[in-house]
Amino acid sequence: MNVTVIFGSDSGVTKAVAATIAKKTGARLLDVQEARTADYEGCDLLILGSPTYGMGELQTDWDLHLSQLEGADLSARKVALFGTGDQMTYPDSFVDAMGILYDKVVSQGAEVVGFTDTVGYDFTGSTALRGGRFVGLALDEDTQSHLTSARIDDWLGQLR
Ligand SMILES: Cc1cc2nc3c(=O)[nH]c(=O)nc-3n(C[C@H](O)[C@H](O)[C@H](O)COP(=O)(O)O)c2cc1C
């Protein structure tokens with residue numbers, strides 16, 4: 001399967017997670033700053049990742065380069081999402097950026113795969129929930145880094 005991973009990252013956490021996911025799936029890895037519309041279209045599975053900043057917002061590079069994603073024809077394309085966040089410091093907006101990306105790609109016709117349960121997390125609010133589940137893989141390297149590796153492996157198993 002032809003997989004592309006596109007990420008944005010301020011301080012490197014999401015970049016490292018994206019690199020791990022790309023290595024485990026044999027995916028092409030791209031920083032959102034370099035990704036062009038064709039990169040979002042030319043794969044069987046598109047994996048997008050963003051940290052949340054500013055109380056529930058997308059990472060800056062995602063915001064700056066969103067038009068490249070918005071220009072893509074995602075109809076009937078499979079998209080999986082992952083988000084990094086900090087549930088202890090930002091319990092009301094935990095991994096919200098994943099919810100923003102979800103709404104975006106769904107409005108462009110994508111089929112989002114890889115929803116996950118909230119069991120094991122401790123937060124009060126997130127716009128990344130649909131029907132009580134995360135719309136993708138939620139990771140917290142700030143307060144639950146010991147769980148990250150297993151969470152990634154479980155999620156990739158689910159995607160396969
Ligand atoms: C100013 C600031 C605001 C943040 N806001 C949120 C937030 O609203 N929700 C959340 O889950 N995490 C929030 N975080 C935590 C980051 O998303 C988290 O540390 C992430 O792993 C950073 O990823 P990066 O190293 O790829 O930039 C915030 C962090 C900072 C420094």
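Two rings of Phe, Tyr or Trp count as a pair if their centres lie within 6.5 Å, with planes under 30 degrees apart called stacked, over 60 edge-to-face, and the rest tilted. In this predicted model, a search of the whole structure returns six aromatic pairs.

One of the pairs joins Phe94 and Phe123. Their ring centres are 5.5 Å apart and the planes meet at 40 degrees, so the pair is classed as tilted. Phe94 belongs to the loop between strand S5 (78–84) and helix H5 (96–107), while Phe123 belongs to the loop between strand S6 (111–113) and strand S7 (129–130). The pair therefore ties together parts that lie 29 residues apart in sequence. Phe94 is buried, at 0% relative accessibility. Phe123 also falls under the 20% limit for burial, because its relative accessible area is 18%.

The two phenylalanines are part of one aromatic cluster, formed by Phe94, Tyr121, Phe123 and Phe134. Within that cluster, Tyr121 has a further partner: the charged end of Arg151 sits over the Tyr121 ring, 3.9 Å from the ring centre.

Phe134 leads from the cluster to the nonpolar interior. It is among the residues with the most contacts inside the largest nonpolar core, together with Ile6, Tyr40, Leu48, Trp62, Leu69 and Leu81. This core has 32 residues. Strand S3 (45–53), helix H4 (66–70), S5 and H5 are the elements that give it two or more residues, and H5 supplies the largest share, five residues.

Leu69 shows what surrounds one of these core residues. Apart from its neighbours within four places in sequence, Leu69 is in contact with Tyr40, Leu48, Trp62, Leu74, Leu101, Lys104, Val105 and Gln108. Tyr40, Leu48 and Trp62 are themselves among the residues with the most contacts inside the core.

There is also a second core, separate from the one just described, with 19 residues. Val5, Ile21, Val113 and Leu156 are included in it.

Strand S3 also holds Thr52. Which backbone atom does the side chain of Thr52 reach? The side chain comes to 2.9 Å from the backbone nitrogen of Ala97. Thr52 is buried, with a relative accessible area of 17%. Setting aside neighbours within four places in sequence, the residues in contact with Thr52 are Glu57, Thr84, Ser93, Val95, Asp96 and Ala97.

Key. Residues numbered from 1 in each chain as written. Predicted model: local features only at pLDDT ≥ 70, side-chain atom pairs only at ≥ 80, totals over all residues. Heavy atoms only, no water. Helix = DSSP H or I, 4+ residues; strand = E, 2+ residues; numbered from the N terminus. Buried < 20%, exposed > 50% of the residue type's maximum accessible area, 1.4 Å probe, protein only. Lys NZ or Arg CZ within 6 Å of the ring centre and 35° of its normal. Core = buried A, V, L, I, M, F, W, Y, C linked by side-chain atoms within 4.5 Å. Contact = heavy atoms within 4.5 Å. Polar contact = N/O pair within 3.5 Å; in protein donor to acceptor, adjacent residues only side chain to side chain.
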